[in-house]
Amino acid sequence: MKVMKFGGTSVGTPTRMKDVTKLVTSSGEQVFVVFSAMSGTTNSLVEISNYLYKKNPEGANEVINKLEEKYMQHVEELFSTKEWKETTRVFLMDVFKYLRSFTKELFTSFEEKSIVAQGEIMSTNMIANYMKEQGIKATLLSALDFMRTDKNAEPDPTYIKEKLAAVLEDNQGAQVYITQGFICRNAYGEIDNLQRGGSDYSASLIGAAINAEEIQIWTDIDGMHNNDPRVVEKTEPVHQLHFEEAAELAYFGAKILHPTCVQPAKFAGIPVRLLNTMDPKAEGTTISNYTEKGKIKAVAAKDNITAIKIKSSRMLLATGFLRKVFEIFESYQTAIDMVCTSEVGVSMSIDNPSRLGEIVDELKKYGTVTVDRDMCIICVVGDLDWSNVGFETLATEAMKNIPVRMISYGGSNYNISFLIKESDKKRALQSLSDTLFNN
């Protein structure tokens, strides 16, 4: 069985829902489909929550009314029979009644998660009802019955596999199984969500749990490109990536995929395909445990980086110096992207400067601290094993006219990274494309 995941834009209108239905059923095979909320819905639900946090029920009700009006119009456009219009309308009315109930109660983060979950619950019910109206054997499975995180807020794969197997056993014979992405329960049974990667993470976890043939992530672009198409001319989709290559690209700026969401598929050895809802025949990108030898695949960029350098003559041969430095970042819950060291100094980059002031104050106990803001990490990804003579030279040659603050190479076999000024980003990306891909 294949797992297919569709994002918010893919189900953003009644017309798109109809197109997705044709796409899902075109092969005649049994499939498991994961849907996000309709585009714009989650933002509205977050806005409702913000009003409730601020004890402004009137503002919340105004947003609820607008959202309800929008959904009722969608029902008119999506369904052709009176029976299914009425069934779906009654269901949606119950959801909006539930949303209004929060305007009379104490509001906390627990209630917010329940509110935000309604986006996926509404979209999946609408699509399941539409498929049934079309005579398709579709079964809606609630993600809240099998998707769970543990006490560390990480997915619980053993629980998910066992519960999903039981749910499927009780619902045999469907052509299309439908469930919600993003939402789950936590270890205490409360409604929660998967946060990082959202619905993509759900699809990957489900694929691993049922040992799927493949996991398809459907978006509105034709796979992961070899550079940022918003910045660089003549980019092309990358047809094949290793899971590690995809994770590097996702972490360093390729927005199509979250770096953690494909981990369950990677460990289960299940290929992930990135496909385009608007152009279903496009090849897209296949991500697997296979490495194409001798190829540089793609370039990505990560903005809003801050570089911190600490220089200290006391560091020379000082045991424990790096540990003390890293502990400072850990104590302020600030992740480090790149690290470069020398005998008398260490440079690091971070993408979250919210605790920068405290971090710098602590670091000054150990040496002279310099901070560079408005930086950007350029990441070149491919088969960059150190034994591939000349590959790193290709990347550095492309950067010969760009001032480079730091270079990181050898941390993995798939990545070489450059820290540069954000103002040089476009020139750097275009030069890398011209050197690596367009010759």
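User: How does Arg-323 count at 49% relative accessibility: buried, partly exposed or exposed?
Analyst: The model is predicted. Arg-323 has 49% relative accessibility. Exposed begins over 50% and buried lies under 20%. Arg-323 therefore counts as partly exposed.

User: Which residue forms a salt bridge with Glu-327, and where do the two lie?
Analyst: Glu-327 is itself partly exposed, at 39% relative accessible area. Its salt-bridge partner is Arg-323, with 3.4 Å between the closest N and O atoms. The two are four residues apart, about one turn of the helix, and both lie in helix H11 (residues 321-331).

User: Which residues are joined into one network by salt bridges that share partners?
Analyst: Side chains of opposite charge can pair when their charged atoms come close. Here, shared partners connect the salt bridges into one network. The members are Glu-76, Lys-85, Glu-86 and Arg-89.

User: How many salt bridges does a search of the whole structure find?
Analyst: A pair counts when a side-chain nitrogen of Lys or Arg is within 4 Å of a carboxyl oxygen of Asp or Glu. Arg-230 and Asp-228 make one such pair, at 3.0 Å from N to O. Over the whole structure, the number of salt bridges is 22.

User: In the salt bridge of Arg-230 and Asp-228, which residue is buried?
Analyst: Arg-230 has 63% relative accessibility and counts as exposed. Asp-228 has a relative accessible area of 15%. Buried means under 20%, so the buried residue is Asp-228.

User: What is the N to O distance in the salt bridge of Lys-266 and Glu-244?
Analyst: Lys-266 counts as buried at 17% relative accessibility. Glu-244 counts as partly exposed at 28%. Their side chains meet with an N to O distance of 2.4 Å.

User: How many residues apart are Lys-266 and Glu-244?
Analyst: The side chains of Lys-266 and Glu-244 meet in a salt bridge. This pair links distant parts of the chain, with Lys-266 in helix H10 (residues 263-268) and Glu-244 in helix H9 (residues 243-251). The separation is 22 residues.

User: Which helix gives the most to the largest nonpolar core?
Analyst: In soluble globular proteins, nonpolar side chains tend to be buried together. The largest nonpolar core has 58 residues, and those touching the most other members are Phe-32, Phe-146, Met-147, Leu-257 and Val-272. Five residues of this core come from one helix, the top contributor: H8 (residues 198-209).

User: How many residues are in the second, separate core?
Analyst: The largest core holds 58 residues. The second core is separate and includes Met-4, Met-126, Ala-128 and Trp-218. Its number of residues is 43.

User: Which residue in E10 is the bridge partner of Val-272?
Analyst: Leaving out residues up to four places away in sequence, Val-272 touches several residues, including Ile-215, Phe-243, Thr-286 and Ile-287. Strand E9 (residues 272-276) pairs with strand E10 (residues 285-288) in the antiparallel sense, over three bridges. The bridge partner of Val-272 in E10 is Ile-287.

User: How does strand E7 run relative to E9, parallel or antiparallel?
Analyst: E9 is mostly covered, with four of its five residues buried. Five bridges join E7 (residues 215-219) to E9. One of the bridges pairs Thr-219 with Asn-276 in E9. The two strands run parallel.

User: Which strands stand at the edges of the open sheet of six strands?
Analyst: The order is E12-E13-E11-E14-E16-E15, with antiparallel pairing. Each edge strand has a single partner, so one side of each is left without a neighbour in the sheet. The edge strands are E12 (339-341) and E15 (404-409).

User: How many bridges pair strand E14 with strand E16?
Analyst: E14 covers residues 368-382 and E16 covers residues 415-421. Val-381 stands opposite Asn-415 in E16. The pairing is antiparallel, and the bridges number seven.

User: At about what angle does helix H13 run to E16?
Analyst: Helix H13 spans residues 391-398. This helix lies across strands E11 (296-311), E14, E15 and E16. Its angle to E16 is about 15 degrees.

User: Why is Cys-340 too far from Cys-379 for a bond?
Analyst: A disulfide needs two cysteine sulfur atoms within 2.5 Å. Cys-340 is partly exposed, at 24% relative accessible area. Its closest cysteine sulfur is that of Cys-379, and the bond is ruled out because the distance is 14 Å.

User: How many disulfides does the structure hold?
Analyst: Cys-261 counts as buried at 1% relative accessibility. The sulfur of Cys-340 is too far from the closest cysteine sulfur for a bond. The number of disulfides in the structure is zero.

Note on methods. Residues are numbered from 1 along each chain as its sequence is written. This is a predicted model: local features need pLDDT of at least 70, side-chain atom pairs count only at pLDDT 80 or more; totals for chains, interfaces and linings use all residues. Side-chain values use heavy atoms; hydrogens and water are left out. Buried means under 20% relative accessible area, exposed over 50%, partly exposed in between (1.4 Å probe, protein chains only). A nonpolar core is a set of buried Ala, Val, Leu, Ile, Met, Phe, Trp, Tyr and Cys residues joined through side-chain atoms within 4.5 Å. Contact means heavy atoms within 4.5 Å. Two strands pair if DSSP finds at least two bridges between them. Axes are lines fitted to C-alpha atoms, for helices over the stretch in contact, and angles run from 0 to 180 degrees between N-to-C directions.
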